[in-house]
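Work through these exercises with the structure open. Try each task before reading its solution.

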Amino acid sequence: MKFGHFDDQRKEYVITTPQTPYPWINYLGNESFFGLISNTSGGYCFYRDARLRRLTRYRYNNVPLDNGGRYFYLHDNGDFWTPGWMPVKRELDFYECRHGLGYTSITGERNGIRVSQLAFIPLGFNGEVYQVKVKNTGDTSKTVTLFSFIEFCLWNAYDDMTNFQRNLSIGEVEVEDNAIYHKTEYRERRNHFSFFSVNRPFDGFDTDRDTFLGAYNGFDRPDVVAAGESSNSVASGWCPVGSHSFKLSLAPGEEQSLVFVLGYVENPEEEKWEKPGVINKSRAYEMMSRFPGDGAVDRALADLAAYWDRLLGKYALDTSDDKLARMVNIWNPYQCMVTFNMSRSASYFESGIGRGMGFRDSNQDLLGFVHQIPERARERIIDIASTQFEDGSAYHQYQPLTKKGNNEVGGGFNDDPLWLIVGTAAYVKETGDFSILDEQVPFDCNPDNTATLFEHLKRSFYHVIHNLGPHGLPLIGRADWNDCLNLNCFSKEPGESFQTTGNIDGRVAESVFIAGLFVFTGPDFAAICRLRGLDGEAEAAEAAIEEMRKTTMDHGFDGDWFLRAYDHFGDKVGSKENAEGQIFIEPQGICVMAGIGAEDGSALKALESVKERLETPYGIVLQNPPYSTYYLNLGEISSYPPGYKENAGIFCHNNPWIMIAETVLGRGDRAFEIYRKIAPAYLEEISEVHKMEPYVYSQMIAGKDAVRHGEAKNSWLTGTAAWNYIAITQAILGIKPDFGGLQVDPCIPAEWDGYTITREFRGSTYVIAVKNPEHVSCGVSSVTVDGRPVEGNILPVFPEGGVHQVEVVLG
């Protein structure tokens, strides 16, 4: 069943009941300040780093679900409620949530009063803005009281939830004019504070949580709201909050509007104080002054809409398939932007505390983002490369605030280095900016030890060559793409980290996946070498790639599919010889994407085995059969129940690798069939099964061996977003940047008549009409640009600013 609907014209998803199967969220912010907001107004916000600079508190894994957020309570003659239903959960006469691009509006109505709350983060602004409108829809005058409420987090989210012996004594606030200031710890090492302001005088306030809620109460029944009167409490230690109250007298049909700002301010050390003991609030005053009323909100929203129109206009599909259009034109690139910003740090499944930016993750995320804001992708590549070590290995994660490698996780994930080549090549192909290769980039974030980015790529490439196992396949290290395949771990201690426990030397266990990734990405490294005039380097690289291709077929093919790995004892993983885990999705996808086995039919056998052994109505599972018991030599993968996560769950991230692999073999119908199985817009009708948002991809869907087959988890922050965008826009629709121009090579369902894509590329706009008169899946018969024939299928690069008409005929 459906719980809402798409509004494509407004680029929104409209939720029509607050009781969705799971909280359906949106993200606010595109630059330095970010927020998560659910359809019932839950969530939190932070500056740059969800762990170290969190403004508002949020309780994950709580009961009831999604408890805590940006709440506006309405007290109406003894009756009180919230427009988002939560947390009070009073029945509403009307409810609607509209999640748009960078904003969310929630409207609730009860007993003739309608409250609409809009939340967004303006461009270039370090704070959230809330516009709250209260309207009397009845035929008699009413006097009501509106209460705002947020709960401040004590900055470091991990410390906030653990160090109570300190935290319950340090909370400090200040109330001045129309603003509440959260200044905890500002007296010492911090140079930042937050404020919660409103654009009119308030009638009352509260900043002490226990006073606002009352002892033993929850957010569903605050004493202050139930009484209809603020207490003017000032927090001293304990738990600081921000709440304003307003007595509103409304004639029939009258509407009043209030504008709130929840802002973050950072002062230089020498400008912390206005005078001894008094915070310098000048930056806060300036931020408040930007939003005196509705006109400023309207202008900021228009700027935000124009910003997204520009970004989404860089690749636009005109097709008769509405579901495909909304994924390609709106929701998939939007999710790519969010995932680029967040990596895997802050969602309703990632607390923002335990994970930073991933080396592997962020390189993949920028694949779906690089065409939108390439200069930010450039910066991200430099940041990622700076956490690499001199031998080519790398930290697995780094913190976004410090940009330093995460020592808690460390390195040793042997696929990581190759992803730097993938990400850098994607950037250079998109922009033609070869100068990035000459940038001096540190090793281990040490400014005194640098090399060019090209040297970093070279060390990434040769890190594989220098770390080969007994069969000549790459050593897996702690893990490869699948963090849960831990062949060097052998963990027996409860609670021990599989990923960071390497208790054997790890010079035997090999990864067929890394071998495939090496053959897939190596040609880009070789091409970069040639474009820099390093023909000898290119030839050496190509020889190594060819050797790995041969080794993969000799030692990595099991007759009908590619092996997954060899374990510490030299035994096969992902083989007919295994009782469980006989076939894995990852090597079938990446090896065929690399073209391994394409010429002798082995690749086709592998993909047919995927269809026979791994496919389900909801997508392709990671392996089959699942592991029914814990295998000491395999690690975390066998710790999950059958059908969940890495133990035969549908790991959506690598489903698009099979889509792309199918296009390598020219099977467009099959590629699009797989695409539809996990694309959210096509799953809207089964939301009660899927549970997650029907507008964005999830990381995992429960597999065929699970109790709840088809149920999704871990929505939003997943490499699934970027790879599905690549699969549909580049592999299936076939518009792919290359070093020398824009390549056109569709592989589509044969029944399609055609489509049109408008694509910005290196400053020019290409309007590409693809026609399929012979109803084939692939093969370009002719290409014309501005009426002139073009040999081959690479569109030339033009001077910036022009619009060029392209006609591509398949046949």
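**Exercise 1.** Is arginine 209 buried or exposed?

Solution. First, note the ground rules. The model is predicted: local features need pLDDT of at least 70, side-chain atom pairs count only at pLDDT 80 or more, and totals for chains, interfaces and linings use all residues. Residues are numbered from 1 along each chain as its sequence is written, and side-chain values use heavy atoms, with hydrogens and water left out.

Next, take the cut-offs. Buried means under 20% relative accessible area, exposed means over 50%, and partly exposed is in between (1.4 Å probe, protein chains only). Arginine 209 has a relative accessible area of 18%, so this residue is buried.

Now find its partner. Arginine 209 forms a salt bridge with aspartate 210, with the closest N and O atoms 4.0 Å apart. A salt bridge here is a side-chain nitrogen of Lys or Arg within 4 Å of a carboxyl oxygen of Asp or Glu. Aspartate 210 is partly exposed, at 39% relative accessibility.

**Exercise 2.** Describe the open sheet of 10 strands, from its order to its edges.

Solution. Start with the terms. Strands (E, at least two residues) and helices (H or I, at least four) are DSSP runs, numbered from the N terminus. Two strands pair if DSSP finds at least two bridges between them.

Read the order: E1-E2-E9-E10-E11-E12-E19-E16-E15-E14, with antiparallel pairing. The edges are E1 (4-7) and E14 (173-176), each pairing on one side only. Neighbouring strands are turned by 15° against each other on average, direction ignored. Axes are lines fitted to C-alpha atoms, for helices over the stretch in contact, and angles run from 0 to 180 degrees between N-to-C directions.

Zoom in on one pair. Strands E15 (179-182) and E16 (192-198) run antiparallel and are joined by 4 bridges. Isoleucine 180 has phenylalanine 196 in E16 as its bridge partner.

Add the helix. H6 (294-312) lies across E10, E11, E12 and E19, at about 50° to E11. Contact means heavy atoms within 4.5 Å.

**Exercise 3.** Which parts does the salt bridge between glutamate 174 and lysine 281 tie together?

Solution. Begin with the distance. The two side chains meet at 2.7 Å, N to O. Glutamate 174 lies in strand E14, and lysine 281 in the loop between strand E21 (278-279) and helix H5 (282-289), so the pair ties together parts 107 residues apart in sequence. Lysine 281 is buried, with a relative accessible area of 2%.

Contrast a pair within one helix. Arginine 549 and glutamate 546 both lie in H13 (535-555), 3 residues apart, about one turn of the helix. Their closest N and O atoms are 3.5 Å apart. Finally, take the total: the whole structure has 61 salt bridges.

**Exercise 4.** Where are the cis peptide bonds before proline 87 and proline 625, and what is the phi of aspartate 66?

Solution. Recall the background: most residues other than glycine have a negative phi, and most peptide bonds are trans.

Take the prolines. Methionine 86 and proline 87 share a cis bond, with omega about 0°. Proline 87 lies in the loop between E8 (79-81) and E9 (94-99). Asparagine 624 and proline 625 are also joined by a cis bond, with omega about -10°. Proline 625 is in the loop between E33 (623-624) and E34 (650-651).

Then turn to phi. Aspartate 66 has a positive phi of about 60°, although not a glycine. Aspartate 66 sits in the loop between E6 (54-56) and E7 (71-76). This residue is buried, at 5% relative accessible area.
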